[in-house]
Amino acid sequence: VPALVVATEAERTIPAAVLDAASKAAEGTKAYSLLIWQGGALQLEQYYGDHNAQSVVSTQSMHKSVLALLVGIAIQQGLISSVDDPAAKYIEEWAGDERKHITIRQMLQQASGIDFPAFPAVIDMTIGDGLEKITFEQGVLAPAGTQFDYTNINPEVLGILLQRVSGMSYAEYLSENLWRHVSDDPATVLIDTETTRTPRTFCCLDTTARAWLRFGLLHLNHGWVGDQQVVPEQWMQDVITPSERNPNYGYLTWLGTTYQKERRYNRKSSAAAFHSEPFAATDIIYFDGFGGQRVYIVPSKQLVIVSTGPLRQDWDDALLPNLIIRGMSD
């Protein structure tokens with residue numbers, strides 16, 4: 001893994017006043033960390049409270065965007081024939097009913113039509129011990145491909161699918177085929193019990209802020225790390241291609257294609273992400289972890305922003321990226 005380049009004060013390409021304003025904004029959200037990368041170097045690496053570069057933190061659903069990359073690797077390896085394969089080809093629990101029509105692409109785009117538990121039942125998926133049972137007892141809510149519903153069932157089934165086609169635990173497959181090439185920081189994938197060892201692939205990839213920066217750089221570099229193509233370049237483009245049912249969503253990854261003041265997640269929940277204004281760049285890509293865990297990637301600005309912190313309901317998605325992008329322009 002290539003070492004991260006850290007800009008000296010003289011080498012910084014973002015004005016000090018902008019970096020200071022961003023740091024104060026992050027502190028105002030009670031952030032644990034703020035990392036800003038631009039133009040080939042780390043411009044700012046700030047930690048708050050007791051946190052530091054070695055702190056391993058929970059970042060909720062940002063894991064989904066890593067899972068999306070693993071699916072592309074599995075397709076390249078021939079473990080999955082096509083993104084348009086029915087998931088039931090690999091998931092026997094779906095083979096005997098209407099779920100047999102759901103494709104892997106539809107799952108990646110959160111348009112599978114699969115039903116999903118609402119709060120508080122969703123908490124059982126996160127901290128309970130019946131994860132696989134909950135996952136496979138969900139029936140069909142809508143015909144496949146007809147509606148966007150951001151759920152935890154789609155990525156959970158995809159994680160189980162990767163275990164089955166690879167013959168490895170999810171953590172082993174992640175480590176061998178992606179993580180060791182991208183980051184040398186530690187990571188933990190949480191499982192439900194020592195007996196079933198079902199991985200929580202809709203959340204619960206605990207790692208450092210620097211590791212998340214590495215995955216932002218993977219997007220900037222079209223799947224390359226140094227001189228190695230880790231994720232197929234075409235797949236990296238597919239991941240960030242707006243889907244038919246939601247222009248602000250690709251493969252388990254959010255996009256800033258169309259402005260939405262309140263970005264609703266699904267039809268069962270009132271939860272929404274707040275955007276005080278449109279993004280200052282139209283090509284923004286981001287990993288969304290509930291409560292303000294974010295990786296923002298802006299290819300046109302060669303910019304990556306990582307923020308980790310506590311769960312909060314009042315996160316403003318426009319705040320940090322717009323402050324930094326406009327400060328760079330000024």
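**Helix packing and the six-stranded sheet**

In this predicted model, helix 2 (residues 63-76) and helix 6 (residues 153-166) have axes that come within 11 Å and cross at roughly 40 degrees. Helix 2 is therefore oblique to helix 6. The crossing of helix 2 past helix 6 is left-handed. On the helix 2 side, the contact involves Lys-64, Leu-67, Leu-70, Val-71 and Ala-74. Their counterparts in helix 6 are Pro-155, Leu-158, Gly-159 and Leu-162. Sorted by class, the contact of helix 2 with helix 6 has 7 nonpolar, 1 polar and 1 charged residues.

A second helix pair is formed by helix 1 (residues 16-28) and helix 10 (residues 319-329). The axes of helix 1 and helix 10 lie 9 Å apart, and the packing angle is about 170 degrees. Angles over 145 degrees count as roughly antiparallel, so helix 1 is roughly antiparallel to helix 10. Helix 1 contributes Val-18, Ala-21, Ala-22 and Ala-25 to the contact. These residues meet Leu-319, Leu-320, Leu-323, Ile-324 and Gly-327 in helix 10. By class, the contact of helix 1 with helix 10 has 8 nonpolar residues, 1 polar residue and no charged residues.

The strands considered next belong to an open sheet of 6 strands. Their order is 2-1-12-11-10-7, and the pairing is antiparallel. Strand 2 and strand 7 (254-255) stand at the edges. Each has a single partner strand, so one side of each is left without a neighbour in the sheet. At the strand 7 edge, 2 bridges pair strand 7 with strand 10 (residues 285-289) in the antiparallel sense. Here, Leu-255 has Ile-285 in strand 10 as its bridge partner. Helix 8 (residues 209-220) packs on the sheet. Helix 8 touches strand 1, strand 2, strand 10, strand 11 (293-298) and strand 12 (303-308). The direction of helix 8 makes about 150 degrees with that of strand 12.

At the other edge, strand 2 (residues 41-47) runs antiparallel to strand 1 (residues 33-38), and 6 bridges join the two. Leu-35 has Glu-45 in strand 2 as its bridge partner. Strand 1 and strand 2 form a hairpin with 2 residues between the strands. In this hairpin, Gly-39 takes a positive phi near 60 degrees. Strand 2 stands at an edge of the sheet. Even so, 5 of its 7 residues are buried, so strand 2 is largely enclosed by the rest of the structure.

Strand 1 is also joined to strand 12 by 6 bridges, again in an antiparallel arrangement. Leu-34 has Ser-307 in strand 12 as its bridge partner. Strand 12 pairs with strand 11 as well, in the antiparallel sense over 5 bridges. Across this pairing, Ile-297 stands opposite Val-304 in strand 12. Strand 11 and strand 12 form a hairpin with 4 residues between them. Gln-302 in the turn has a positive phi of about 50 degrees.

Strand 12 has 6 of its 6 residues buried, so it is largely enclosed by the rest of the structure. Both of its faces are covered. Leu-303, Ile-305 and Ser-307 are buried on one side. Val-304, Val-306 and Thr-308 are buried on the other.

Conventions
Residues numbered from 1 in each chain as written. Predicted model: local features only at pLDDT ≥ 70, side-chain atom pairs only at ≥ 80, totals over all residues. Heavy atoms only, no water. Buried < 20%, exposed > 50% of the residue type's maximum accessible area, 1.4 Å probe, protein only. Pairing = 2+ DSSP bridges. Axes fitted to C-alpha atoms, helices over the stretch in contact; angles between N-to-C directions. Parallel < 35°, antiparallel > 145°, perpendicular 65-115°, else oblique. Left-handed = near helix turned anticlockwise from the far one by under 90°. Contact = heavy atoms within 4.5 Å. Nonpolar A, V, L, I, M, F, W, Y, C, P; charged D, E, K, R; others polar.
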